[in-house]
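Student: I'd like to learn how to read a structure like this one at my own pace. Could we start with how to judge whether a residue is inside or outside?

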Amino acid sequence: MKRFIIPALVATIGIAAAPAVQAGELWRATGLQQPESALFDAANNRIIVSNIVGNPGDADGNGYLSVLSLDGKIVTQHWTDGMDAPKGMAISAGKLYVADITKVRVVDLASGRLVASIVVPNAVFLNDMTADHTGKVYVSDMLADTIYRIDGDRPEPFVRDALLASPNGVFADGDRLIVASWGKGIKPDFSTAEPGGLLSVDLASKVVSPLPGARRFADLDGVIAIGDTIYATAYLTGTLYRYEAGGTPEAVAHFKPGSADIGTDGKSILYVPLMNEGEVAALKLD
């Protein structure tokens, strides 16, 4: 297995921005182990966190899922074991889907029991996940410029396009996927020859389109949307960006490098995993 090592510190890359105020932070959950994704489970009023515990590309069996309460307390540290390097997650039809290098793990949402592992043929580095309104699940392959779709237990390439430019974060938003691109020409330290930006993939036509004003501004990781506003993280700089159609990305918060696949309650709170700190931060939006 090729090793994928993401550095803790690199020089700032991206658009110029005034220093952002760390406003609205509600709490930080501590004691986690390389938390990569934080998913709000609305049906059960909890937050599920994926812990990598090692190199993000190593099939070492160390990864697991944790459960947090809505006030940031660890309810169950090892809720689901038996994974390698779990990252993005999505919920569909009472099941939790988890990206795990070249597999998608399926977990019973009620019990936390690992019930299946879906091998994704030709996958290289599966990263983030999302589910659309029909229950179909999507997973990005960051190092293959590909997004796969899973219907039940059947994975298939949904879109493969160089325009995706190392797709990391994915978020189903109505009739489209919003994609956070890491960028082109990934170097050994995971900086890029050309930084990424925000994209849209039409679910019907599969056409990939850059979002106006949000091209090539940062090496992006996680992405979510609340209404018409998109939030995205840049792992290498620890920056949280806000973007609205017709505008340009604005830095609204800064963390130490390591901010990964963000989650949301869909209303006014963001959950930001801080991989290098072993923490998840909850932010209240204005």
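Tutor: Sure. Buried means under 20% relative accessible area, while exposed means over 50%. Keep in mind that this is a predicted model.

Student: Let's try one, then. Is Ser259 buried or exposed?

Tutor: Ser259 has a relative accessible area of 0%, so it counts as buried. As for its place in the chain, Ser259 sits in the loop between β23 (250-254) and β24 (263-264).

Student: What surrounds Ser259, leaving aside its neighbours within four places in sequence?

Tutor: With those neighbours set aside, its contacts include Asp221, Thr233, Ala234, Tyr235 and Gly238. Thr239, Val272, Pro273 and Leu274 are also among them. Look at Ala234 in particular: its backbone oxygen is 3.5 Å from a polar atom of the Ser259 side chain.

Student: How about a serine in a strand? Where does Ser66 lie?

Tutor: Ser66 belongs to strand β4 (residues 63-68). Its relative accessibility is 0%, so Ser66 counts as buried.

Student: Which side chain makes a polar contact with that of Ser66?

Tutor: That would be Asn51, whose side chain is joined to that of Ser66 by a polar contact of 3.0 Å. There is also Gln77, with its backbone oxygen 2.5 Å from a polar atom of the Ser66 side chain. Beyond four places in sequence, Ser66 is in contact with Leu32, Ile47, Ile48, Val49, Asn51, Thr76, Gln77 and Trp79.

Student: Now sheets. What should I keep in mind about side chains in a strand?

Tutor: In a regular strand the side chains alternate between the two faces of the sheet. For a case here, follow the open sheet of 4 strands in the order β20-β21-β22-β23, where the pairing is antiparallel.

Student: Why is one side of β20 and of β23 left without a neighbour in that sheet?

Tutor: Because β20 (220-226) and β23 stand at the edges, and each has a single partner strand. From one strand to the next, the twist in this sheet averages 25 degrees. Within the sheet, β21 (residues 229-234) and β22 (residues 239-244) pair antiparallel over 6 bridges. Thr233, which we met as a contact of Ser259, has Leu240 in β22 as its bridge partner.

Student: What is the strand order in the open sheet that contains β14?

Tutor: The order is β14-β15-β18-β19, 4 strands with antiparallel pairing. β14 (167-173) and β19 (208-210) are at the edges with a single partner strand each, so one side of each has no neighbour in the sheet. β14 and β15 (residues 176-181) run antiparallel and are joined by 6 bridges. Gly169 stands opposite Ala180 in β15.

Student: And a hairpin, how do I read that?

Tutor: Look at the two strands, then at the turn. β12 (residues 146-151) runs antiparallel to β13 (residues 154-160), with 6 bridges joining them. Ile150 stands opposite Pro155 in β13. The hairpin has 2 residues between β12 and β13, and Gly152 in the turn has a positive phi of about 75 degrees.

Student: Last one: how much space lies in the largest pocket?

Tutor: About 430 Å³. Its lining has 22 residues, and the closest to the pocket's centre are Leu39, Phe40, Thr130, Phe171 and Thr264. Elements that give two or more residues to this lining are β2 (35-41), β6 (89-92), β10 (126-131), β14, β20 and β24.

Conventions: Residues are numbered from 1 along each chain as its sequence is written. This is a predicted model: local features need pLDDT of at least 70, side-chain atom pairs count only at pLDDT 80 or more; totals for chains, interfaces and linings use all residues. Side-chain values use heavy atoms; hydrogens and water are left out. Buried means under 20% relative accessible area, exposed over 50%, partly exposed in between (1.4 Å probe, protein chains only). A polar contact is a pair of N or O atoms within 3.5 Å; within protein, one must be able to donate a hydrogen and the other to accept it, and residues adjacent in sequence count only if both atoms are side-chain atoms. Contact means heavy atoms within 4.5 Å. Two strands pair if DSSP finds at least two bridges between them. Axes are lines fitted to C-alpha atoms, for helices over the stretch in contact, and angles run from 0 to 180 degrees between N-to-C directions. On a 1 Å grid over the protein atoms alone, a cavity is a set of points where a 1.4 Å probe fits but cannot get out, and a pocket is an open set with protein on both sides within 12 Å along at least five of seven lines; lining residues have an atom within 4 Å of a point. Grid points are joined across faces, edges and corners, and a volume is the space filled by probe spheres set on the points.
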